[in-house]
Amino acid sequence: MSLRADVDVRVGDLHLRLDLDVADGEVLAVLGPNGAGKTTLLRALAGLVPLDAGHITVDDLVLDEPGRGLFVPPERRPIGVVFQQYLLFEHLSALDNVAFGLRARGVRKSEARSAADRHLAAVGLAERGDARPAQLSGGQAQRVALARALATDPRLLLLDEPLAALDVATRRQVRRDLRHHLDGFDGVRVLVTHDPVDAYALADRVAIVDGGAIVQSGTIAEITAHPRSRYVAELVGTNLIVGELGASGLVTPDGVEIAVVADFAGPAFAIVRPQSITLARRAADTSARNTFHGVVDDIDRIGDRVRVGVAGPLHLTAEITVAALESLALRPGDEIAASLKATDIETYPA
Amino acid sequence: MFLLAVVAIAFFTLPLIGLLWRVPWSELGEVLTRDTVRQALWLSLRTSLAATTLSIVFGVPLAWLLARVEFRGRSVVRAVSTLSMVLPPVVAGVALFASFGRRGLFGQYLDEWFGIGLPFTTAGVVVAQTFVAMPFLVLTVEAAIRQFDHRVEDAARTLGASRWYVFSRVTLPGIRPALVAGAVLAWARALGEFGATITFAGNFPGTTRTMPLATYLALETDPGEAIVIALVLIAVSLVVLVGLRDRWLGGTRVAP
């Protein structure tokens, strides 16, 4: 089973244009900020928003292709959707929620209910069949929503922010369970999230969407090693410098020169891990080839580490220890020198 | 402020007390079993329930259309179909007479082609009542459908439900409290309908003389009878109002 989609759709101010290709048994996470078009993408795949152009194909079945006048409405698509906030039917029991899809397809009540029973048992909720959605915890509601989506035996499973509605305490457990249930489904799975942690935990491959387009896609390892946009670099927690490699090193569009070690020339990306940046009150004589003077604009404590934003000719984020922060007595607005060793800067072609 | 509120309360309470004061309690049983009164009671019950049924059958789809389908002139359609709520009932009756009367623009064809004559018949009473009562149901149900999260309907569609299945199994159960409230409001309005009925359907005992008409008529010949019928109407209205308040105060969830 596979999903191939060339999506071109306008909703309000958003113009979503992207290609997706998800192979058999693969979990694709679509990761991006709010308003990037992730939910619109899912709604287009589900048939709740018709395409303006392009096509959506699952296996050999064309679901939407406006160029040829083809459109399969949502109720006739082989899909299952887990919505954000789950959208369970409040007036039905958990069991009847799961049986709903089969009942809508004309399956007899007793038969639909026994199938729903099996699907509830598969997500560990065999005893909660009589409960109303309002009586379920967030994690249970999510599993009922998953069982409901899987009960009709779909070929394509779509999940919209499946963990966003949960509190932090239950999230980790539910995330692990969800991974387990997703592994048990052999169709195509597309998951939309704004949280990189969810994407890493649940997906094999990630497509990063911003402003209605895919800005980068690949395996999680590839994306972490070689981010190709500011947004992605921020997501994976590293510094990205864009420029042109030449005889005088890497030159940014603003004309800042950075000494690097590289064996190619032309448009290039460079990443600097925040841990390899040294901060000093006064620029000292060091072996570091690059020193930039700037102003502290952000101090963000994460556990026993501190991320310090430095606004200068380049915007850099350095990661230092709490002890280092205290001995430097840094405050936002302080002047500071940031040093980078040329050997700590990794370059790759743009 | 407080004093003015007390005046308002008195304004609504005093007529009730005045009415109760004048009730001929000793003749109550006798008046209620009089043929004319029983006829009016029975006619009112049948016609108002028929009007409520028609309001639900046609009003719910209209409410759905107004709430969920975007089309040109939607606000005009809404205005026209709820106009009879603010129209003086007599005007509504005259309008019905001009269009569905035996010589009316459309009524003449009803008569000519189907042999159906609405004026001065029980069916005419039902038409007049439906005309003024349905807007109450339409507005109540439309507001509820609007408030109902359409994404829940989307979820049902992705599960394989046709539009009709979604509407009957998800939307309708979801708005049930509003549907009940709208139906009760429409029924109460139909039960009390006077002006449009007497203008369009006339005032014939047994066929078109409903309780409000009988009350009005009796006031000239036998005030005691008028007061007894009025008492019945007030009792019915109070029961409806109390029942509705419980539903509204009880929240949106209704036990199965």
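How many of the five residues of strand β3 of chain A are buried? Keep that in mind as we walk through this predicted model, beginning with the strand itself.

Strand β3 of chain A covers residues 27–31, and five of its five residues turn out to be buried, leaving the strand mostly covered. If you follow the side chains along β3(A), you will see two sets: A:Val27, A:Ala29 and A:Leu31 point one way, while A:Leu28 and A:Val30 point the other way. Both sets are buried, under a criterion that asks for 20 or more other C-beta atoms within 10 Å of a residue's own.

Now look at the strands paired with β3(A). One partner is β9 of chain A, residues 188–193, which runs parallel to β3(A) and is joined to it by five bridges. To find this pairing on screen, start at A:Val27, whose bridge partner in β9(A) is A:Arg189. Another partner is β10 of chain A, residues 205–210, again parallel to β3(A), with four bridges between them. Here A:Leu31 makes a good landmark, as A:Ile208 of β10(A) stands opposite to it.

Let us step back to chain A as a whole. Its domain assignment gives domain 1, residues 3–229, and domain 2, residues 237–349. Taken over C-alpha atoms, the centres of domain 1 and domain 2 of chain A are separated by 40 Å.

Chain B comes next. What does its secondary structure consist of? The count is 13 helices and zero strands, so you can trace chain B from the N terminus on as one α element after another. Its C-alpha atoms fill a box of roughly 65 × 60 × 35 Å along the principal axes. Of the 256 residues in chain B, 37% count as buried. Among the contacts in chain B with a separation of 6 or more, 75% come from residues 24 or more positions apart.

Finally, bring the two chains together. The contact draws 16 residues from chain A and 15 residues from chain B. On the side of chain B that touches chain A, at least two residues each come from α8 (150–158) and α9 (163–174). Which of the helices gives the most to this side? That is α8(B), with seven residues. By residue type, the side of chain B that touches chain A divides into eight nonpolar, four polar and three charged residues.

Definitions and conventions. Residues numbered from 1 in each chain as written. Chains lettered and ligands numbered in written order. Predicted model: local features only at pLDDT ≥ 70, side-chain atom pairs only at ≥ 80, totals over all residues. Domains from an automatic or database assignment. Contact = placed C-beta atoms within 7 Å. Nonpolar A, V, L, I, M, F, W, Y, C, P; charged D, E, K, R; others polar. Buried ≥ 20, exposed ≤ 12 C-beta atoms within 10 Å, placed from the backbone. Pairing = 2+ DSSP bridges.
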